[in-house]
Amino acid sequence: MNDNDRDAGRAARPKRADARRNEMALLEAAAAVFVTSGVEAPIRDIAAKAGVGTATIYRHFPTRADLIVAVYRHQVEALAEAGPALRATSETPHAALGRWIDLFVDFLVTKHGLAAVLQSDDPCFDPLHSYFLDRLLPVCTQLLDAAAAAGEIRSGQDAYELMRGVGSLCAGAGADPRYDTRHLVELLIAGLRRPH
């Protein structure tokens, strides 16, 4: 067995449970720090929030860009997984849609710190927009289809259009204290209902 074979075997091994827990704790801590202090927050702040040393962060995420991409992907995955869970546990498909859109608003509002980074010239961020759409459009489509099949909303709603509309409403968050993003999004979701 040569060195390349040994390296390939090491790369293919799944992470230990404690390593996965550490990574999840780091991602959660980084996300929280990014919300309050922006993506340029000191790594030591993220390490302190996660209860680990900075070396642990660099072991998992060698560059800040690696950490930013991982946080973004982690949060997109959590949002994607929430769709089916909400469909299974909500009283109605429309309620599931409303709760998922509420989580989507949380995601968009907390991503303002990442917006400038994600629009940068750094090629490592280029695939994130496609990843976002690939993971979340099907979830939103399924929620819309379930609500339409239940007769709660008009059929034929486009998930991309809805997500863009919610995104546009979220763009005004924080600029004006009288601008209530959640209220506007609630009106939008209520407007999907079929007239009785």
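Modeller: Let us begin with a word that we shall need throughout: a residue is called buried when its relative accessible area is under 20%, and exposed when that area is over 50%, with partly exposed lying in between. The model to which we apply it is a predicted one.

Biologist: Where does I43 lie, and what makes it count as buried or exposed?

Modeller: I43 lies in helix α3, and its relative accessible area is 8%. Since the cut-off for buried is under 20%, and 8% falls below that cut-off, I43 is buried. Leaving aside its neighbours within four places in sequence, I43 is in contact with T54, I57, Y58, R64 and L67. For one of these, Y58, which is 15 residues from I43 along the chain, the two C-alpha atoms are separated by 9.0 Å.

Biologist: How do you know on which side of α3 its buried residues lie?

Modeller: The buried residues in helix α3, which runs through residues 43-50, are I43, I46, A47 and A50. These residues cover an arc of only 100° around the axis, and they are therefore on the same side of α3. A general rule helps here: an α-helix has 3.6 residues a turn, so residues three or four places apart point the same way. On the other side of α3, the residues R44, A48 and K49 are exposed.

Biologist: Which helices do the buried residues of α3 pack against?

Modeller: They pack against α2 (17-37), α4 (54-60) and α5. Just after α3 comes G51, which takes a positive phi of about 75°. For this part of the chain there is also a record: an unreviewed UniProt entry lists residues 42-61 as "DNA-binding region". In the model, that span is 75% helix and 0% strand, and its end C-alpha atoms lie 14 Å apart.

Biologist: Let us turn to the aromatic rings. How many aromatic pairs does the structure hold, and why is the pair of Y72 and F107 called what it is called?

Modeller: The structure holds four aromatic pairs. In one of them, Y72 and F107 have 5.8 Å centre to centre, with 55° between the planes. Rings pair if their centres lie within 6.5 Å, and their planes count as stacked under 30 degrees and as edge-to-face over 60. The value of 55° fits neither of those, so this pair is tilted. Y72 is in helix α5 (residues 64-89) and F107 is in helix α6 (residues 93-110), so that the pair links distant parts of the chain, 35 residues apart.

Biologist: And what makes the pair of F107 and F132 stacked?

Modeller: The ring centres of F107 and F132 are 5.8 Å apart and the planes are at 15°, which is why the pair is stacked: the angle is under 30 degrees. This pair, too, links distant parts of the chain, with F107 in helix α6 and F132 in helix α8 (residues 127-149), 25 residues apart. Both F107 and F132 are buried. Ring pairs link Y72, W100, F104, F107 and F132 into a cluster.

Biologist: How do you know that E77 forms a salt bridge with R135?

Modeller: A salt bridge needs a side-chain nitrogen of Lys or Arg within 4 Å of a carboxyl oxygen of Asp or Glu. For E77 and R135 the closest N and O atoms are 2.7 Å apart, and because that lies within 4 Å, the pair qualifies. E77 lies in helix α5 and R135 in helix α8, so the salt bridge ties together parts that are 58 residues apart in sequence.

Biologist: Why is E77 called partly exposed?

Modeller: Its relative accessibility is 22%, and because this is neither under 20% nor over 50%, E77 counts as partly exposed. By the same reasoning R135, at 29%, counts as partly exposed.

Biologist: What joins D102, D106 and R182 into one network?

Modeller: D102 forms a salt bridge with R182, the closest N and O atoms being 2.3 Å apart. That pair links D102 in helix α6 to R182 in helix α10 (residues 181-190), 80 residues apart. D106 forms a salt bridge with R182 as well, with the closest N and O atoms 1.9 Å apart. D106 is in helix α6 and R182 in helix α10, 76 residues apart. Salt bridges that share partners thus join the three residues D102, D106 and R182 into one network.

Notes
Residues numbered from 1 in each chain as written. Predicted model: local features only at pLDDT ≥ 70, side-chain atom pairs only at ≥ 80, totals over all residues. Heavy atoms only, no water. Phe/Tyr/Trp six-rings, centres within 6.5 Å; stacked < 30°, edge-to-face > 60°. Helix = DSSP H or I, 4+ residues; strand = E, 2+ residues; numbered from the N terminus. Buried < 20%, exposed > 50% of the residue type's maximum accessible area, 1.4 Å probe, protein only. UniProt positions renumbered as here; feature names shortened; annotations may be inferred. Arc of directions from axis to C-beta. Contact = heavy atoms within 4.5 Å.
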